[in-house]
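Colleague: I want to learn how to read a structure like this one, feature by feature. Can we start with the ligands?

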Amino acid sequence: MGCLLDVHADEARFLARMADDIRRGLTARRRQLPPKYFYDEAGSALFERITELPEYYLTRAEDAILRDIAEDIVCRLAPRDIVELGPGSCRKVRWLLDALEDGRGVRYVAMDVGRESLAQAVGALADEYPQMHLHAVVADFERHLGCLPPPTGRRLVLFLGSTIGNFDPPARRALLAQVRRLLDSDGRFLLGVDLVKDRRVLEAAYDDAAGVTREFNRNILRVVNRAVDGDFVPDAWRHHSFYSTEASRIEMHLLAAAPQRVHLRALELVLDFDVGDGIWTESSYKFTRESVAVMLSESGLALEEWHTDRGGRFGLVVARPADRT
Ligand code: SAH
Ligand code: AVI
């Protein structure tokens, strides 16, 4: 049926917003960068390598759950309009697409900021599922969910990989409330969440022996350099990640390994860092069934089904609109 490519955030606007975010983040008292900027072409490729690391169990665990429940979910929900937020390589949705008895006329809409990787991923799906309507939308799902085309039938929204964990509570409440607005009473939401567990397992997943996560973390500095004509030296930054039990989250930081002065010429900004000064690049919240139920209910959604992998490491939730049956 072919493949449509929509670009909702044109390159110039996207870059202008990124420059604003970089200025705000790096001049704040606690310096930070939004994790959505990890995913340029190199960052997306590094993330794919992370998913294959022995320490990073998340992808394998969620994949195992999807493999087990895809047929049942597809059979019961009979989705005609599948929308995925932040699909990355679009690998996981294949479990659902393969379970469709007849994909003819079913639409799959994938929204991601990773321009290059999205076009490539949806292009590959077009070869494998020629009978489906495929629609790639290059956009920021925090800003552009309202631009999605209206549903073509029963809608299933996917948000996998525990990407919800990369948002602080106020941001995720706002995002989930927008997801709620995408759903009619028969629509459903499939959400992947990483679960609270032994801190050693969590900390290893975000500080692997091969150093791929370190490179993923440092890559955000290359993205900044390109966006605002900066001269960060990525190798002069240490990868630092740890689990905060109090906040139920992994925090990922970059720490200056030596004193340094950084110029961001397009922002006319000069930043000085002492040894050990940090930039907070990512939070990755971990959940329990209870905390997921609360999070959903705060945004007008209700937990309908709860699935975990055999090791109880990862959760996959089916949620429905709360105020309708
Ligand atoms: N869902 C996949 C990929 C997870 S990586 C999996 O489970 O393996 C996170 C993905 O979300 C990346 O592809 C990234 O580009 C995308 N992403 C992160 N923040 C985003 C945002 N604000 N808007 C759109 N896409 C975003
Ligand atoms: C995409 N996101 C859910 C990943 C995570 O686990 O928070 C990104 C990542 N960061 C470090 N490793 C993987």
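Modeller: Start with polar atom pairs. In this predicted model, a polar side-chain atom of K92 sits 2.5 Å from an oxygen atom of ligand 1.

Colleague: Which other residues place a polar atom by a nitrogen atom of ligand 1?

Modeller: D140 does so with its side chain, where a polar atom lies 2.9 Å from a ligand nitrogen. V113 uses its backbone instead: a polar atom there is 3.2 Å from a nitrogen atom of ligand 1. Next, look at cover. Ligand 1 on its own exposes 560 Å², and the protein buries 95% of that.

Colleague: How many residues surround ligand 1, and which are the closest?

Modeller: The count is 16, with G86, K92, D112, D140 and F141 the closest. By class, that shell divides into 7 nonpolar, 5 polar and 4 charged residues.

Colleague: Now ligand 2. Which residues come nearest?

Modeller: Y56, N166, Y206, E282 and S284, out of 14 residues around ligand 2. Read the oxygen atoms of the ligand next. A polar side-chain atom of Y56 is 2.6 Å from an oxygen of ligand 2. For the side chain of Y206, an N or O atom is 2.5 Å from a ligand oxygen. For the side chain of N166, the distance from an N or O atom to an oxygen of ligand 2 is 2.9 Å. As for cover, ligand 2 taken alone exposes 340 Å², of which the protein buries 97%.

Colleague: How does the shell around ligand 2 divide by class?

Modeller: Into 7 nonpolar, 6 polar and 1 charged.

Colleague: Which helices and strands supply at least two residues each to that shell?

Modeller: Helix 2 (41–50), helix 8 and strand 11 (278–285).

Colleague: Let's take helix 8, then. How do I read its length?

Modeller: Compare the end-to-end reach with the span expected at 1.5 Å a residue. Helix 8 covers residues 212–228, 17 residues in total. From its first C-alpha to its last it reaches 25 Å, close to the expected 24 Å.

Colleague: Is helix 8 mostly covered or mostly open?

Modeller: Mostly covered, with 12 of its 17 residues buried. Among them are V212, F216, R218, I220, L221 and V228. Asparagines appear in that buried list too, namely N217, N219 and N225.

Colleague: What follows helix 8?

Modeller: D229, with a positive phi near 55°.

Colleague: Where else is phi positive in a residue other than glycine?

Modeller: Look at A78 and S248. Phi of A78 is near 40°. A78 lies in the loop between helix 3 and strand 2 (81–85). S248 has phi near 50°, and its loop joins strand 7 (237–244) to strand 8 (249–256).

Colleague: Why do A78 and S248 count as partly exposed?

Modeller: Partly exposed means between the 20% and 50% cut-offs. A78 counts as partly exposed because its relative accessibility is 43%. S248 is partly exposed because its relative accessible area is 22%.

Colleague: Now the charged residues. Why does E62 count as buried?

Modeller: The cut-off for buried is under 20%. E62 is buried because its relative accessibility is 0%. E62 lies in helix 3 (residues 58–77).

Colleague: What does the side chain of E62 reach?

Modeller: The backbone nitrogen of G161, at 2.9 Å. Beyond its sequence neighbours within four places, E62 is in contact with K92, L160, G161, G192, F314 and L316. K92 also appears among the closest residues to ligand 1.

Colleague: And R94, is this residue buried or exposed?

Modeller: R94 is buried, because its relative accessible area is 18%. R94 belongs to helix 4 (residues 93–99). Its side chain makes a polar contact with the side chain of E128 at 2.6 Å. Leaving out residues up to four places away in sequence, R94 touches S89, A124, L125, E128 and Y129.

Colleague: One loop residue to finish. Where is P149?

Modeller: In the loop between strand 4 (133–138) and strand 5 (155–159). To read its surroundings, set aside neighbours within four places in sequence; P149 is then in contact with R107, H135 and R155. For scale, P149 and A61 are 88 residues apart in sequence and 32 Å apart in space, C-alpha to C-alpha.

Note on methods: Residues are numbered from 1 along each chain as its sequence is written. Chains are lettered from A and ligands numbered from 1 in the order in which they are written. This is a predicted model: local features need pLDDT of at least 70, side-chain atom pairs count only at pLDDT 80 or more; totals for chains, interfaces and linings use all residues. Side-chain values use heavy atoms; hydrogens and water are left out. A residue is near a molecule or strand if one of its heavy atoms lies within 4 Å of it. A polar contact is a pair of N or O atoms within 3.5 Å; within protein, one must be able to donate a hydrogen and the other to accept it, and residues adjacent in sequence count only if both atoms are side-chain atoms. Accessible areas come from the Shrake-Rupley method with a 1.4 Å probe; for residues, only the protein chains shown count as cover. Ala, Val, Leu, Ile, Met, Phe, Trp, Tyr, Cys and Pro count as nonpolar, Asp, Glu, Lys and Arg as charged, and the others, Gly among them, as polar. Helices (H or I, at least four residues) and strands (E, at least two) are DSSP runs, numbered from the N terminus. Buried means under 20% relative accessible area, exposed over 50%, partly exposed in between (1.4 Å probe, protein chains only). Contact means heavy atoms within 4.5 Å. The expected span of a helix is 1.5 Å times one less than its number of residues.
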